[in-house]
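Please look over the chain below. The report that follows covers side-chain exposure, strand pairing and model confidence.

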Amino acid sequence: MATNSQPEKTAATAIGLDIGGANLKIADTQGHTHSQPFPLWKFPKLLGQQLVRLRQEFFDRYHASSFSNCTTELPVGVTMTGELCDCFASKAQGVCDIVAATEWAWGDCQPRYYQTSGNWVDAGTASRDWSLTAASNWHALARFVARLLPQQSGVLLDIGSTTTDLIPIANGQPATVGKTDFTRTLHGELLYTGIVRSPVCAVAHEVQMAGRMLSPAHECFANMLDVYLLTGAIDESADCTQTLDGQPATRAAAQRRLARMWGAEPDELPTDQWLAIAQQIRQSQFNLIRKTLLQLLDRQPATPSAWMVSGQGDWLAAEVARSIAPQIPLIYLSKHFSTAASQAAPAVAIAHLVYESQPPIQLS
C-alpha cells in the first residue's frame with residue numbers, strides 16, 4: 001500500500017513543464033506535481049542542469065519507468081514565463097535560451113512547446129516565433145479550466161508567488177483582450193503582484209505607524225511573504241529561505257525584515273503594532289487586485305456565472321471575488337483537482353493538453 005512518503009509508482013502518461021523565473025514546476029496527468037525553487041535570473045546557465053534534476057526527482061518519486069527511459073512515446077509539453085528575467089537582453093533571447101536548456105534536458109522526449117495561439121510547436125518554431133511562445137502558461141491554464149464552464153461565462157483568478165492573472169472566460173474559452181504580458185497588463189488582465197515575491201514598498205506607499213502616515217523605504221528589505229507570515233496566511237517554514245535576506249521564513253525573522261522597511265529594530269514597536277502594519281500592507285494588495293478586477297468586470301458583456309480561483313494565493317483570490325459578488329458560485333481548483341495541482345496549475349494544464357493533442361493509438 002502506498003504512503004505519503006512512498007507514493008505508488010506508475011507509468012507516466014504525459015508530462016507538463018512550467019518554466020518560470022523563480023520556480024520550475026512539473027506535473028503529469030495522474031495528479032502528481034513537483035515544484036522546485038530556482039532563481040533563473042541569477043543562474044541562467046544552470047537551467048539545463050536544474051531541469052535534469054527536476055526530471056530525475058519526479059521520475060524517481062512517482063514513476064515506475066526510470067529517468068533514462070523517457071521516449072518519444074511520452075508526450076512532454078512545455079510552457080514558460082522565465083523569458084522575462086532581466087538576465088536576458090530580450091524576451092526573444094530568453095525564449096531561445098529556455099528552449100535550448102529544455103532540449104538539453106528533455107530532448108530525447110522531443111518536447112512540444114505551447115503557444116498563445118493554442119498551437120503546439122517544435123523547438124525550432126518555438127524559438128523562431130518567440131512572441132507566441134513567451135508567457136504562454138496563462139493561456140494553457142485558462143483553456144484547460146474553461147471546460148468547467150461550458151457555454152457559460154466566468155472569471156479565473158490565479159494568484160501566485162509573483163503575479164495575479166485575471167482571465168475572463170466566455171462559452172468555455174479564454175476571452176482576454178491581451179495576449180502578451182504587456183497587452184494583458186494594459187487591459188488589467190495581468191498584475192505583477194503576488195503573495196511571496198512582491199516587495200513591500202511596491203505594494204504599500206504608506207502606512208499608519210505611531211500616529212503618523214509613513215512611507216516605507218524604497219528598498220527590498222521585506223516582501224509579501226513576510227506580510228503573510230505575520231498575518232498567519234502562510235505557515236512558517238524554517239527550511240524556506242525564499243526571503244530577501246536569505247534567512248528562514250519564520251514570523252520572528254519576518255518581523256525583523258518588515259521593521260527594516262522603516263529603519264527600525266523589531267523591538268522598537270510592540271508585536272501587535274507590527275501585525276497591524278502588516279494588515280495594512282495586506283489590505284493595499286487586496287485593494288489593488290479588487291480595483292483591477294472591478295474594472296475588468298465593467299468591460300464584460302455578462303455577469304460571471306462563476307468565479308474560479310487557483311494558485312498559491314487562491315485564498316486571497318477567493319476573498320477578492322467574494323467581496324465583489326458573494327452570490328456568484330466559487331470554484332476552487334484545489335478542491336476540484338488538489339491543492340498541489342492548484343498551486344502548479346499551468347503545469348497540470350499543459351500535461352493534460354499535450355496528452356489530448358496526441359493522435360489516438362491505433363490498435364491492431
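Is Lys45 buried or exposed? Lys45 is exposed, because its relative accessible area is 80%, and exposed requires over 50%. The residue sits in the loop between β3 and α1 (47-62). Ile98 is 53 residues apart from Lys45 along the chain, yet their C-alpha atoms are separated by 9.7 Å. This is a predicted model, and the values here are computed from it.

**Confidence**

The chain averages a pLDDT of 91, and 93% of the residues score at least 70. Residues 1-6 fall below 50; beyond near neighbours in sequence, this stretch has four contacts in the model. Residues 360-364 also stay under 50. For that stretch the model has zero contacts beyond four places in sequence. Where pLDDT is low, the predicted coordinates should not be read in detail.

**A buried lysine**

Lys25 is another lysine to inspect, found in strand β2. Lys25 is buried, yet has no salt bridge. The nearest side chain of opposite charge belongs to Asp18, 5.3 Å away. That is no salt bridge because the cut-off is 4 Å. What does lie at 2.9 Å from a polar atom of the Lys25 side chain? The backbone oxygen of Gln343 does. Not counting residues up to four places away in sequence, Lys25 touches Gly16, Leu17, Asp18, His34, Ser35, Leu54, Gln343, Ala344 and Ala347.

**The six-stranded sheet**

Strand β2 also belongs to an open sheet of six strands. The order is β3-β2-β1-β4-β5-β6, and the pairing is mixed. Strands β3 and β6 (120-121) are the edges, each pairing on one side only.

At one edge, β2 (residues 23-28) and β3 (residues 33-37) run antiparallel over five bridges. Asn23 has Pro37 of β3 as its bridge partner. The β2 and β3 hairpin has four residues between the strands. Gly31 in this hairpin takes a positive phi near 95 degrees.

At the other edge, β5 (residues 112-114) pairs with β6 in the antiparallel sense, over two bridges. Here Tyr114 is partnered by Trp120 of β6.

**Strand β8 and its partners**

Now turn to β8. How many of the seven residues in β8 (residues 164-170) are buried? Six are, and the strand is mostly covered. Its pairings with other strands are set out here.

| Partner of β8 | Sense | Bridges | One bridge pair |
|---|---|---|---|
| β7 (residues 153-159) | antiparallel | seven | Ile159 and Thr164 |
| β9 (residues 173-174) | antiparallel | two | Ile169 and Pro174 |
| β10 (residues 190-191) | antiparallel | two | Thr164 and Leu191 |

Thr164 appears in two of these rows: it stands opposite Ile159 of β7, and opposite Leu191 in β10.

Two of the pairings are hairpins. Four residues lie between β7 and β8 in theirs. In the hairpin of β8 and β9, two residues separate the strands. Asn171 is in that turn and has a positive phi of about 55 degrees.

**In brief**

Two lysines make a useful contrast: Lys45 is exposed, whereas Lys25 is buried without a salt bridge. On the strand side, β3 and β6 are the edges of the open sheet, and β8 is mostly covered. Read residues 1-6 with care, as their pLDDT is below 50. Residues 360-364 stay under 50 as well.

Note on methods. Residues are numbered from 1 along each chain as its sequence is written. Side-chain values use heavy atoms; hydrogens and water are left out. pLDDT is the predictor's confidence in each residue, from 0 to 100. Contact means heavy atoms within 4.5 Å. Two strands pair if DSSP finds at least two bridges between them. Buried means under 20% relative accessible area, exposed over 50%, partly exposed in between (1.4 Å probe, protein chains only). Lys and Arg count as positive and Asp and Glu as negative; His and the chain ends are not counted. A polar contact is a pair of N or O atoms within 3.5 Å; within protein, one must be able to donate a hydrogen and the other to accept it, and residues adjacent in sequence count only if both atoms are side-chain atoms.
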